[in-house]
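Biologist: Could you take one small part of this model and walk me through it closely? I'd like to know what surrounds it.

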Amino acid sequence: MKRTFLGSTVLAAGLLGASAIALEQGPFTIDQSRAGRALYVANCAACHGPELKGAGEAPPLAGTTFIAAWGNRSSDELYNLVKASMPYGNGNSLDPDTYRKIVAYVLAANGAQPGSKALTGSESIKINTIADGKTPAAMAAEERAPARGGEGGAPRAATFYPQTRFGLTVAGTLPNYDPVTDAMLAHPKDGDWLMYRRNYQGWSHSPLSQINASNVKGLQLAWSWAMNDGGAAQVTPIVHDGIMFLSNTANTVQALDAKTGELIWENRIGPAPTRAYGATRSLALYGDKVFVPTTDAKLYALDAKTGQIVWQSVIEDAKEGYSNTGGAIAIRGKILVGLTYCNRYETKHCFISAYDANTGKVAWRFKTIALKGEPGGDTWNNLADEFRQGAETWIAGTYDPDLNTTYWGTAQSKPWTRASRASGAGATLYANSTLALDPDSGKLKWYYSHAPGENFDLDEVFERVLVDHGASKDVLTIGKVGVLWKLNRVTGQYEDSAQTVFQNVFDKIDPKTGIPTYRKDVQAAKIGDWISSCPGPAGGHDWPATSYDPKTDLMVIPLHQSCVMMRAEPMEKKIGVGGDAGSQKLFEMPGTDGNLGKLAAYNTTTMKALWSFQQKAPFLTGVLTTDGGVGFVGDFDRRVRAFETATGRTLWQTRLPTSAQGHIVSYAVDGKQYIAIESGLGGGSPVGKPTTLLPGIHHPNNGNTILVFALPENLNGN
Amino acid sequence: MRRVGICILALLAIAPAFSPAWGESFETRLSPSPLTDGTRINITGEGRALVQWDGNILSVSGNFTGLATGVTTAALYDGAGIGIPGPKAFDLTVSPGTAGTIWASIKLTSSQLKDLRAGHFYVQIDSEKAPDGNLTGWLLPPYPFAGEDVPVAGPGFLPQFDVPQKASSR
């Protein structure tokens, strides 16, 4: 009955360290581990913290959680992983000796004693035979001391972010800026792209039709603009009256002439990125201001004409790890934003919040975690409030003006697995739900839990798309498990669903209620069990967003096909402890022949797929459809293509400087239609998983750029 | 004559539930798994496997190439579902080296045959530095693949719908 594939029968014994067993000497010298401290601080501490506690998506590198995850694995696997993938998004960028010293330091910080032989990286020594997760007292004191300057001193800005000054770095003025009104947001001009998904309904569809199936092959580069390198970029260019507002890394905002690419003003709000992940996906426009939710969890209002700061408001304390990546939406004089990285045990919880557009004053907060005594508070297996975490909102919501209701998705509860959370079979509200809120008060109108008691890092946080089918007002969304859900957006009642990729997480979905039943082994999983999940944490569907084409009633969905073995790790129930507490090993999705990428078009009335195609590289941009019957999408392999919306047939394609990224938009200036596409880096699991699974696909680790395409004059391009 | 026709139709209708004399086949790509960035250096290669059921014997054949270290074992495993690992069911014969072939002739129980038809069987090849899995692939009925970037009508091959599942297991 030996079950190999992952050797799961031998797990339990090695999980919790070897504290009762005498430790053997470590395979490194004291000189290596001492030098490794400075190199760790310089290259790793920005994400994993000076005390190796981990933060955000960076796991702890010391203590019981580290030993639980790594105790049964070997020192060469640790070395190979660090070398291949670190610093995040820039693996193999340091010399091997630096990696050896960093690994020696990590082992020493987990109690391993130095020996006489230097670490080479090829030693295959089980980590729990040399380390127990207990940091020596002298080393712990050094970690808590303020970082010193000089080489290996203070944590540097992540991933080669260039040194630069901050503030209003380029002054300029837009003399005739037309303030954005509620009416404009509800009925945007054809040539504008005023918000994240273009319209309040979240369609990512342009009514422009100059570029069509017969002339799209003539697209040419009109202009391009190199964006900040360093950090993650998943931009949505926002365009109003021929001005493009562009969010860059380091919370830099630029106003560009959307016809020529000429810079008008630039505000480098800062700070420099200290993490290689967590991009600002979108800005918001309202009145005469540009609203910038920053990666350090603040909301800035800039004067749209000049780029100068009008006000700033703190969403949450960034020093505790909070961030905003999901962008914002402007509704009736308020700016609504989400919050992310709420994966530490503490008395605070994640929330959606609204700010007065004129003053920045907080209007309301809606906490996305149900606490004891509150409605839904009985869905956490009686956990103390401080151990109920997650339910981040890292994608901006959508809005129905007629119903005066805003729709948001939430992420899964944290840590990832039921066993690590100790949440039993509870739904852990309001994680992985659709929330319908009153935008004036933040009051909850209804919620729908898509994945009660989720177990695999399978978010249901993504875009909520509002579509009417006759008299039925619906909201559609799709999450990482790959189920396209349709709810009545007035009542929150389940209407229908469709499976878009292979999944084995749910045994069934109740056809009347939509409530899924998890596999029995998922329900019974314990700490240390390796459990299969198809899809894995890159989805199904992830942040590269769908597009809805109202002419054809088709939703075009970028999909990802890979699987994971997930192991629940123990997480100490203690304030300040954080992380996701799950180990992952990836494998190819059965029945895909290694094609990670899939694009599929679903009719939203029938919920049936009209067409689909697969390819090796997963898609890494949101989809754009247009009234020209042409759609656009870009991928991990630097390719962007135009396809016929009705058939999926590729009509035009080109290669980009690095991987395609962010959200493709279309706009018009002086009667000419443009397509703006980002080439860039970052992207979390949708980038991380194919980096592991598709080592043959390469792209440069720099090159954040916006590229704008248009037709030449002789092809109806005016 | 009409009765004979009805009998033939009835036999055809129930035939898939029994062992068809003309054979059934299942196949898979063998891909490096399970992977992390830390194990990727040792878990390399690719291959294909084909199994054919003639109503009595299951014939397994396949090939592999590109392993980082020499092959040690190959086996058929009976998983708990498609993509869900389970216990080893049969050893396969494997030629030594970092590239080679696998083969076997196997008798199945009726329960194992149901599992095979439900997509629960997978091939796993281990190697010196990847003893818990180097190449893996789930055996599924042949399915059409139009080619990269080529649109097809509908959602494409979705094993949980396109492979008949065991009523008791899913």
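Biologist: What covers the buried residues of H5(A)?

Modeller: Before I get to that, keep in mind that this is a predicted model, so to speak of a local feature I need pLDDT of at least 70, and side-chain atom pairs count only at pLDDT 80 or more, while totals for chains, interfaces and linings use all residues. Residues are numbered from 1 along each chain as its sequence is written, and chains are lettered from A and ligands numbered from 1 in the order in which they are written.

Now to your helix. The cover on the buried residues of H5(A) includes helix H4 (64-70) and helix H6 (96-109) of chain A. Helices here are DSSP runs of H or I with at least four residues, strands are runs of E with at least two, and both are numbered from the N terminus. H5(A) is mostly covered, with 9 of its 11 residues buried. "Buried" means that 20 or more other C-beta atoms, placed from the backbone, lie within 10 Å of a residue's own (12 or fewer is exposed, in between is partly exposed). The buried residues run from A:Ser75, A:Asp76 and A:Glu77 through A:Leu78, A:Tyr79, A:Asn80 and A:Leu81 to A:Val82 and A:Lys83.

Follow the chain out of the helix and there's a cis peptide bond between A:Met86 and A:Pro87, with omega about -10 degrees. A:Pro87 sits in the loop between H5 and H6 of chain A. Most peptide bonds are trans. Chain B has a cis bond too: B:Ser33 is joined to B:Pro34 with omega about 0 degrees, and B:Pro34 is in the loop between strand S1 (24-32) and strand S2 (46-53) of chain B.

H6(A), one of the covering helices, takes us inward. The largest nonpolar core has 216 residues, and A:Val103, A:Ala284, A:Phe291, A:Ile329, A:Ala330, A:Ile335 and A:Tyr674 have the most contacts inside it. H6(A) gives the most to this core, with 9 residues. A core is a set of buried Ala, Val, Leu, Ile, Met, Phe, Trp, Tyr and Cys residues joined through C-beta atoms within 7 Å. Apart from it lies another core, of 29 residues, among them B:Ala49, B:Leu58, B:Val60 and B:Leu116.

Your helix also faces the partner chain. The contact takes 48 residues from chain A and 42 residues from chain B, and two residues are in contact if their C-beta atoms, placed from the backbone, lie within 7 Å. Helix H5 (75-85) is among the elements giving two or more residues to the side of chain A that touches chain B, and so are strand S31 (562-568), strand S32 (582-588), strand S34 (609-615) and helix H11 (685-693) of chain A. That side has 19 nonpolar, 19 polar and 10 charged residues. For that tally, Ala, Val, Leu, Ile, Met, Phe, Trp, Tyr, Cys and Pro are nonpolar, Asp, Glu, Lys and Arg charged, and the others, Gly among them, polar.

One of those elements, S34(A), pairs with strand S9 (residues 152-153) of chain B in the antiparallel sense over 2 bridges; strands pair if DSSP finds at least two bridges between them. There, A:Ser612 stands opposite B:Val152 in S9(B). To sum up, H5(A) is mostly covered, with H4(A) and H6(A) included in that cover, and H5(A) also gives residues to the side that touches chain B.
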